[in-house]
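Biologist: Could you take me through how to read the surroundings of a bound ligand, one feature at a time?

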Amino acid sequence: MSNESTKPDQQSPTLHSQAEERLALTPAPPSPSVEELLHELRVHQIELEMQNEELQRARTALEASHNRYLNLYEFAPVGYFTLTPEGEIIETNLTAAALLGVERDNLLNRYFTSWVASEDCDRWYLLIKSVLQHQGEQKNFELRLKRGDSFFYGRLDCLLIMTDDQATTLRITLTDITESKRAEEELRIASVAFEAQEGIMITNADKVILRVNRAFSEITGYSLEELVGQTPYLFSSGRHNAAFYSRMWECINRTGSWHGEIWDQRKNGEIFPKWVTITAVKDKDGVVTHYVGLHTDISERKASEEEIKQLAYYDPLTALPNRRLLLDRLQQALAASARSEKYGALLFIDLDNFKALNDNLGHDMGDILLQQAAQRLMACVREGDTVSRQGGDEFVIMLEELSEDSDEAATKAKTIGEKIIGSLNQAYQLTCHEYQNTPSIGITLFVNHRHTIRALLKRADIAMYEAKAAGRNTLRFFDQDMQKAVMARATLEADLRSALAKNQFELYFQRQARHDGQVIGAEALLRWEHPERGLVLPLEFISLAEEIGLIVPIGQWVLENACAQLKRWEGHAQTRNLQLAVNVSPRQFHQPDFTEQVRAMLKKAAIKGDRLKLEFTENLVFEDIDDTIAKMKILKKISVSFSMDDFGTGYSSLAYLTQLPLDQLKIDQSFIHNLGLKPTDAVIVQTIIGMAKNLGMEVIAEGVETEEQRVFLEQHSCPLYQGYLFSEPVPLAEFEHSLGI
Ligand code: C2E
Ligand code: MG
Ligand code: MG
């Protein structure tokens, strides 16, 4: 039991003694009679009884008050402690024991420090010290206190008092403030979070703005004061329609939140994009009380996205869409055409001889021309059409929604194509140069998803090549025959590329003879033994091989085999003196190291050059006359001889003919074929024979098929013959057999 509990009891005897004192001080009456005495005694007795009753009532009231006080004390919402100046607990209430999580008996005579968290012990000593120094002054402080294995925040109000017996004690009340501490902490975190980088706006359920943070003010340009009481519609940029906002609110109402990109307007009128997350705050009954919006200004990110997009989808030189963007748009156009069933068109535009401009005036001028061409192309089409640059001097234009009727669509595309040709034919002003250029245009129509994007571009490309082949500065529409030719060419090309490695080439030999049939040599003619197509003649693949550069390794193979053959023929009397004529293509001949290659091959075969004859056509000479003469001279030094093949078909000019160290003219077979049919050709044949003689050259007629042709040639002194009349080109074994080997 607490010491305090004895206090009310001490007052009880004091009241009693006062009553007795009062009784003792009553004056004695003068000789009263017995009756009087008895009466008085009776009166006193009654008074005494009344006083006793009063006393009893007072005592009862006092006990009730004491009990009330006790209850209040024990179960007060705060804990009470009385401590010695050393901190020993000498008295506490039940609440205090409950707060520290122990029985009251386990608190008494223990030191309060035992319940102070170790981190706060130093502070506790300092605080007690300061309380002890300031008697009568109430001090309060917060400490972390132990409760079992956990901690709680306690607020301590301390007062130093003197008891009646002059002892110094500390009176302490303890309040658990953990909850308010936590709330305070949360508030602190919330306020830090609220002032974060992101803009935050809080509205009530009616979307009236209650609060915004500093970041929000910075983003929008409005101060807090300007915004409170307003609604977010203040920021409306007009970029989104009512349906957009109603979808947004529908989502918030349904799911409790929404996020997405919104274009808003700042106070200065600038429209900008922001990323917004809106969350509905609900009370415990699920009723929305507030909306909290997080707003991030993404205008910078957007700008860099735009820049990246520009780089990724646009050609830096002309600012036109690049191939990637065209493919994208083409995809969309196909989908749109599937819906509308309207034809569109792809125009593949290639500038003619653009390389020459780059080579002659430099790439800077080339760039200027491309930029101007891009401008002109843009001016030729409608706004919704796409003009793209594919790279180099190639542009592709996509025209959409031309017509449901393919003929009409083609007519419209043709009109635009012609407009483009007209526009690109105008002279370009390239700084100080005036420059003329023309385009070749390939057109293909598209509708629905009938063809893939790749196929469509390929078709336009094929048609463009047809336009080039047709003499340039013109347009061509794609058709199926073009497609077939291209497909066949593609297959042939693929097969040709592997033919050398697969050893599919063979040399045939066609004899060259005098008028009496004596064989003086042969022409080596290439044959391709194709696994599926059988024997393929050179006319079918030589020009393709030339175009794709394969003629160089193929030509080397022919020369190498021809040299090896000449070497083997040395071993037989019938073949020892035979000349072997080998056809050389322009690309092969103009290889910088061609003469070296020939020299090396002769060396490898261990033969001299005197039995090797190189045949070439006039085209080869025209490509580079100086190079031709120089190389011929070098090769002539090692006794290699030269024959001008298909003579008479090209732009033969006496001027160059005299400059070339030629050994032989080979009259083209078309003239021989026409002997007896076309008198002028007979004259040409005679003229060539006479000219060769005068220039000191040999002359040979090729394609001699009939005895009449042979007789005519013989009569006109043609010394050498080649043709089916003598022999067709045949495989080596057959050729050698015919010579008796
Ligand atoms: P070319 O050099 O003018 O060869 C003569 C062509 O006429 C050969 O055709 C030959 O078979 C053919 N011919 C020969 N006699 C007659 C005849 O009496 N009547 C007719 N109608 N034709 C006759 P081929 O073998 O098909 O060669 C065609 C062309 O292919 C050659 O014309 C030559 O320009 C080229 N060529 C052949 N082999 C090679 C080669 O190894 N390298 C290169 N670069 N071109 C070659
Ligand atoms: Mg030939
Ligand atoms: Mg020929």
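**The shell around ligand 1**

Modeller: Strand β19 gives the largest share of the shell around ligand 1, four residues. This is a predicted model, in which local features need pLDDT of at least 70 and side-chain atom pairs count only at pLDDT 80 or more, while totals for chains, interfaces and linings use all residues. Residues are numbered from 1 along each chain as its sequence is written, chains are lettered from A and ligands numbered from 1 in the order in which they are written, and side-chain values use heavy atoms, with hydrogens and water left out.

Biologist: Which residues come nearest to ligand 1?

Modeller: A residue is near a molecule if one of its heavy atoms lies within 4 Å of it. Here 21 residues surround ligand 1, and Q510, D645, Q669, E705 and Y724 come nearest.

Biologist: Which side chains place a polar atom by an oxygen atom of ligand 1?

Modeller: A polar contact is a pair of N or O atoms within 3.5 Å. Among them, D645 has a polar side-chain atom 2.7 Å from a ligand oxygen, N583 has one at 2.8 Å, and for E523 a side-chain N or O atom is 2.9 Å from an oxygen atom of ligand 1.

Biologist: How much of ligand 1 does the protein bury?

Modeller: Accessible areas come from the Shrake-Rupley method with a 1.4 Å probe. Taken alone, ligand 1 exposes 780 Å², of which the protein buries 86%.

Biologist: Which elements give two or more residues to the shell?

Modeller: Helices (H or I, at least four residues) and strands (E, at least two) are DSSP runs, numbered from the N terminus. Those elements are β19 (519–530), α16 (538–547) and β23 (641–647).

Key: Polar contact = N/O pair within 3.5 Å; in protein donor to acceptor, adjacent residues only side chain to side chain.
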